[in-house]
Amino acid sequence: MREQGLHRPISGQPLGPGSGIRLFVSGFAGADPAPAVMDVDTGTLTPVVGLPDPDPKITVFTTVRGRHALVEVAGPAVNQAWVYLLKGSRARKLSTGWSAFPAFNDSGLWITDQPVHGGPCTVRKLAENGKLLRHPRWTYCGALPVNDTPYGLHTIHNRTSILLAHDSLRKIAKYPRIVAWTSRKLLVQRQDKDFALVVPGAKKEQPISRPTRSGEVWDGEVSSDGRYIAVPFLGPSSAAHAYLDVWVLDTGTLQWTRLPSMPTPADVKTRRMLWTPDGRLVLAGAFVTSPDAYPLESDHVSMVAVWRPGEPVLSIKRLPVHWATNLAILP
């Protein structure tokens, strides 16, 4: 008899036609499927043009920030890492680099790299057409910026968030871990594990109780209007999956709302989350379809789940790709 897990599989109503959701799908380390853009409504895969041919020695990883979808390609088969800008189903080689992320005001793209083997790392800024906007500056490889905020480039060192000046990369502020930010405030996780909304540059914060005491906090996602912050909590399990528990903070009322069907067993490596411009929260990844504590591989499926604030249930759809497929939700 198979042992039952702590939480039930994800559930909801079928996702109807006309969702307009698109995903970037690819295999890990060059495995099938080859990079493509999926129309979730029809299941149609459109191959991505412009990337290297699939190869076991190539790793393809996609990050989506704001309106930008950036594809990072690395591995011995390409000699050095490259960053591509994805537009529709066409990828355009932008620059060498370890990683890339857009400027908060859409004024360009920041690229981090280690141009000399074993040497210091650099941060530079490019326009979308590849034109150099800021010359490379040396910086500590152990604390490379990971994203941009209106208040400075954000990096993490020793579990502490540090903001660096956009022009000089000098340290201008230090906070407990920054989970997310709006145009006016930072959501930080304090040392006591609760949260606070902080006004940068002012000694002013609004304490916010943690909505659940279980699970590790991961980076949050902010809705396009800045009103909602979705925060995932990942609880450990004895199997290969974790328990995903997503809560949404209303920054106006400071009230938390737990997504329907949460917590639910999911695969950590494939989990993605993004707000659409029209205010829907989209989850994508491998979810476990059985209540067993030790699910079989056949119990995992690739799926999307969609929720709009105020809705009592999720809208879900199973995807026609293997559960270990790398998914990214496109803007």
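This passage looks at the salt bridges in a predicted model.

In total, 10 salt bridges were counted in the predicted structure. Some of these contacts join up: Arg67, Lys87, Asp106 and Glu128 are connected in a network of salt bridges. One link between members of this group is the pair Asp106 and Arg67, whose closest N and O atoms lie 3.2 Å apart. The two residues come from distant parts of the chain, 39 residues apart, with Asp106 in the loop between β9 (99–102) and β10 (109–113) and Arg67 in the loop between β5 (59–65) and β6 (68–74). Both ends of this bridge are partly exposed, with a relative accessible area of 41% for Asp106 and 43% for Arg67.

A further salt bridge brings together Arg190 and Glu205, with 3.1 Å between the closest N and O atoms. Here a loop meets a strand: Arg190 sits in the loop between β18 (186–189) and β19 (195–198), while Glu205 belongs to strand β20 (residues 205–208), and the partners are 15 residues apart. Arg190 is partly exposed at 22% relative accessible area, and Glu205 is partly exposed at 41%.

The pair Asp250 and Arg227 also forms a salt bridge, at 2.9 Å from N to O. Asp250 lies in strand β24 (residues 242–250) and Arg227 in the loop between β22 (221–222) and β23 (228–235), so that the bridge links distant parts of the chain, 23 residues apart. Asp250 has a relative accessibility of 9% and therefore counts as buried, because the cut-off for buried is under 20%. Its partner Arg227, in contrast, is partly exposed, with a relative accessible area of 40%.

How values were computed. Residues are numbered from 1 along each chain as its sequence is written. This is a predicted model: local features need pLDDT of at least 70, side-chain atom pairs count only at pLDDT 80 or more; totals for chains, interfaces and linings use all residues. Side-chain values use heavy atoms; hydrogens and water are left out. A salt bridge is a side-chain nitrogen of Lys or Arg within 4 Å of a carboxyl oxygen of Asp or Glu. Helices (H or I, at least four residues) and strands (E, at least two) are DSSP runs, numbered from the N terminus. Buried means under 20% relative accessible area, exposed over 50%, partly exposed in between (1.4 Å probe, protein chains only).
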